[in-house]
Amino acid sequence: PAVARINNGSFGCCPSSVLSAQNQLQLQWLRQPDNFYFNQLQPKIIQSRTIIKDIINADHVDEVSIVDNATTAAAIVLQQIAWGFAEGKFCRGDAAVMLHYAYGAVKKSVEAYVTRAGGYVIEVPLPFPVSSVDEIVKEFRQALRRGKQNGRKVRLAVIDHVTSMPTVVIPVKELVTICREEGVDQVFVDAAHGIGCVDVDMKQIGADFYTSNLHKWFFCPPSVAFLYCKKSTNNSDLHHPVVSHEYGNGLAIESAWIGTRDYSSYLVVPKVLEFINRFEGGIEGIKKRNHEYVVEMGQMLVKAWGTRLGCPPEMCSSMVMVGLPACLGISSDHDALELRTCLRDKFGVEVPIYYRPPKDGEEGGVVTGYARISYQVYNKVEDYYKFRDAINQLVDNAFTCASLPIS
Amino acid sequence: MEHEDPRNGESPHRSSKKSKFSSNYIPESEIRDEFSHHQPRVARINNGSFGSCPGSVLAAQRRWQLQFLRQPDAFYFNTLRNGITASRMIIKDLINADHVDEVSLVDNATTAAAIVLQQIGHSFAEGKFKNSDTVLMLHCAFQAVKKSIQAYVTRAGGSVVEVRLPFPVNSEEEIISEFKKSITEGKSNGRKIRLAIIDHITSMPSVVIPVKELVRVCREEGIDQVFVDAAHAIGSLKVDVKEIGADFYVSNLHKWFFCPPSVAFLHCKKANASSDVHHPVVSHEYGNGLPIESSWIGTRDYSSQLVIPAVLEFVNRFEGGIEGIMERNHEQVVKMGKMLAESWGTNLGSPPEMCTAMIMVGLPSRLCLNSEEDASRLRSYLRDCHEVEVPIFYQVPKDGEDGVRDNDGCITGYVRISHQVYNTLDDYEKLRDAINQIVKDGKTCKMLCIE
């Protein structure tokens, strides 16, 4: 209590009715684990996978694997790319394309599995603040062209559905179409923020791989995600990196047993559906209202601070980037983190801050800091007033990041 | 009539003042309370598979979980890392490691195997090793580890040599001798053995392997790296990683060390070139060393890694702490094993000194256990009709050998019984009587009805 928790995007949230159900499942395991292992675990995982398959409009439940989180899904997809290089399917120097704003962990995974195996990595620079979808599409096309230079083949494109920092909704459907036109082997959509946040229709989007965390915007406890793999001969060789008894029986079956674990978070999906359907319009209603409110709150804040949003409302989901007053003097990632800590410790506001370096030619007074505000069903307008007032107070006190202690 | 129970200690003190410095060890009633969440009336004699966790540790875990859920960002920035480091420090001391940097916490031994094997796989794929180079493993290595070798070694072009250990086994010498033979095979034709994977306590059939001796042999024979898969070890027998001297040593903490599912430690000897060992789930900390990489592998519930201090509190309520628990578990399981073997007219799978808190006990040959399916059927039958949970091992008869016999035929099946602090004599008597009943009814495994 008393914390303005406007960062659902980072770690998500889970209602107590679902936590209760999870606890019941944990106790069932502890009560008689052998019985649970032999008789209950697999049917319950299939039940969760089936529910997800329906929500995401996948053709077949075989296409849906449950894994711990998007980070794990990335390792799965990228490890098969690494094998492609190691086994000579790909040539050294063949390319992988990812967004400059790809999530840090995914970038490291690309380094560990693609660069190490001999792949050439291209980053798509994206403008921020961004004004239209066209800006993104243009940069993406250019990057693909670079990828295909010198007779290289683009083996994989990694595209965020909703980028993390700074957050923007990417036109994935259009980008996937471009990838197909340009002969990209495989497309992996990292939609960590996807389900419960934006529309996730696998057939519409058409990617080869699509992953989304269920603990961020789909009310599951930490942690659980799905990885969708379109049925095709092109991608039948995916494996979970933690190899166990089921190796070779298909990714979905491999992922359903990766050694002794607490799988309870994988099993509460039916209970989550119950929770969601108590809301008007179910998950669609929640998504719609979250989006409306976060835009409203974002606009309230930019008005109060005299700044701007990081993107037009139609390019955000249930999160939006809100410019912070330039006088705060945010001039590094370190400043952003310190300001965040100050907001947490002194004002009881939890919100991530993004440092946006000024571009060449930009004049002074440019906004260099953006807060990523989230809206989820538990948020209230008071949370955002608290944030507004905290920033106003800092401005009134002539606070600048330059005055923060150097760590 | 009270059965003999060493848990109350040799000389129980009955002081009226209960302070933590008195010798009032945890009474039996409290032990029952701690495991009251176990299904009642089930003779749970399979601690080896999935372990167990007392109520007080589960309560501590719940507190950690709620702390995260309450304010996850603050937890992530201010609490998580320190909690994991505190757990690693405790493990470091328990296993006699030199430095906490050598200790990583991972989900389970299966994950640790993937970590070790992935770096071997890289070396084959990147041409550091030749295709003829070999990896050595025990024939009875855990199935998941065998699959991991397939996925990371065989796939990358490496060869595999399996050490066939005798079972039943009579002495450590038998094991050492077979091991040396396999090394010779692995090095034949000028090949190099890049990795030896040695179980500390095999799973099925369960036997304690003389790892210290085998590691020494590996060093003498110039094997690059040694990985000890000690999934069952900690809380089961003394673990001294310096003494054992392996490059990698993993043990699950949720099997015999009272942690909730799931958590294991992987010890990496600092001296070796372990800078190329990575967690396969790559996240922000990639390149900062395995312990740091493993401490953040994306959003997860890390609470099972944080309760190790609470586990230490729990084990120290027992006389002799974890050593006392290990000693008594061993004594009891041997005693129960002998009781069963005597009642059934069968044998033990190994001498008492080659087992810890688990032991293999021969099943009457009249059960005609002649396949994996028979073993599976018998296990389900025992669970469903007699409320006994115990894993069954099918011993494939060796060509030309009769194997061990009882009065009626060849012994082809064994139960693996475990003893943990919550077990009572009743549990084993239940198993004894169930098997005797089946034999008395003239039923063989194939005749058993299961749902």
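The dialogue below reads several features of this predicted model in turn: overall form, empty space, helix packing and backbone geometry.

Reader: Before looking at details, how many helices and strands are there in chain A, and what does its radius of gyration say?

Author: Chain A is built with 15 helices and 12 strands. Its radius of gyration is 22 Å, which agrees with the value near 22 Å that a compact globule of 407 residues would have. Taken along the principal axes, the C-alpha atoms of chain A fill a box of roughly 65 × 60 × 40 Å.

Reader: How should I read the empty space, and how many cavities of 30 Å³ or more are there?

Author: Rolling a probe the size of a water molecule over the atoms shows where empty space is left. In this model the count comes to 11 cavities of 30 Å³ or more. The largest cavity holds about 190 Å³ of space, and of the 21 residues that line the largest cavity, the closest to its centre are Arg261(A), Asp262(A), Pro261(B), Arg300(B) and Asp301(B). The elements that give two or more residues to this lining are helix H2 (16–31) and helix H11 (264–267) of chain A, together with helix H12 (303–306) of chain B. By class, the lining of the largest cavity divides into 5 nonpolar, 10 polar and 6 charged residues.

Reader: Which element gives the most to the lining of the second largest cavity?

Author: That element is H2(A), with 5 residues, in a cavity of about 120 Å³. Among the residues lining the second largest cavity are Asn23(A), Gln26(A) and Trp29(A), as well as Leu58(B), Gln61(B) and Pro261(B). Besides H2 of chain A, helix H3 (55–70) of chain B gives two or more residues to the lining. The residues of this lining divide into 6 nonpolar, 4 polar and 2 charged.

Reader: Turning to open space, what is the volume of the second largest pocket, and which residues are the closest to its centre?

Author: The second largest pocket has a volume of about 1400 Å³, and of the 50 residues that line the second largest pocket, the closest to its centre are Tyr103(A), Gly104(A), Ser164(A), Met165(A) and His284(B). The elements that give two or more residues to the lining include helix H5 (104–115) and helix H14 (333–347) of chain A, and helix H4 (72–95) of chain B. The largest share, 4 residues, comes from H14(A). By class, this lining has 24 nonpolar, 15 polar and 11 charged residues.

Reader: H4(B) also packs against H13(B), so at what angle do their axes cross?

Author: Two packed helices are described by the angle between their axes and the distance between the axes. The axes of H4(B) and helix H13 (residues 308–315) of chain B come within 8 Å and cross at roughly 45°, which means that H4(B) is oblique to H13(B). On the H4(B) side, Ser87(B), Ile90(B), Ile91(B) and Leu94(B) meet Ile308(B), Pro309(B) and Leu312(B) of H13(B). This contact has 6 nonpolar residues, 1 polar residue and no charged residues.

Reader: Finally, which peptide bonds are cis, and where is the positive phi of Phe219(A) found?

Author: The peptide bond from Phe128(A) to Pro129(A) is cis, with omega near 0°, and Pro129(A) lies in the loop between strand S4 (120–124) and helix H6 (133–147) of chain A. The bond from Pro261(B) to Ser262(B) is also cis, with omega near -10°, and Ser262(B) is found in the loop between helix H10 (253–256) and strand S8 (264–268) of chain B. Phe219(A), a residue other than glycine, has a positive phi near 60°, and its place is in the loop between H9 and strand S8 (225–229) of chain A.

How values were computed: Residues numbered from 1 in each chain as written. Chains lettered and ligands numbered in written order. Predicted model: local features only at pLDDT ≥ 70, side-chain atom pairs only at ≥ 80, totals over all residues. Heavy atoms only, no water. 1 Å grid on protein atoms, 1.4 Å probe; cavity = no way out; pocket = protein on both sides within 12 Å on 5 of 7 lines; lining within 4 Å. Points joined across faces, edges and corners; volume = space filled by probe spheres on them. Nonpolar A, V, L, I, M, F, W, Y, C, P; charged D, E, K, R; others polar. Axes fitted to C-alpha atoms, helices over the stretch in contact; angles between N-to-C directions. Parallel < 35°, antiparallel > 145°, perpendicular 65-115°, else oblique. Contact = heavy atoms within 4.5 Å. Rg over C-alpha atoms; globule rule 2.2 N^0.38 Å.
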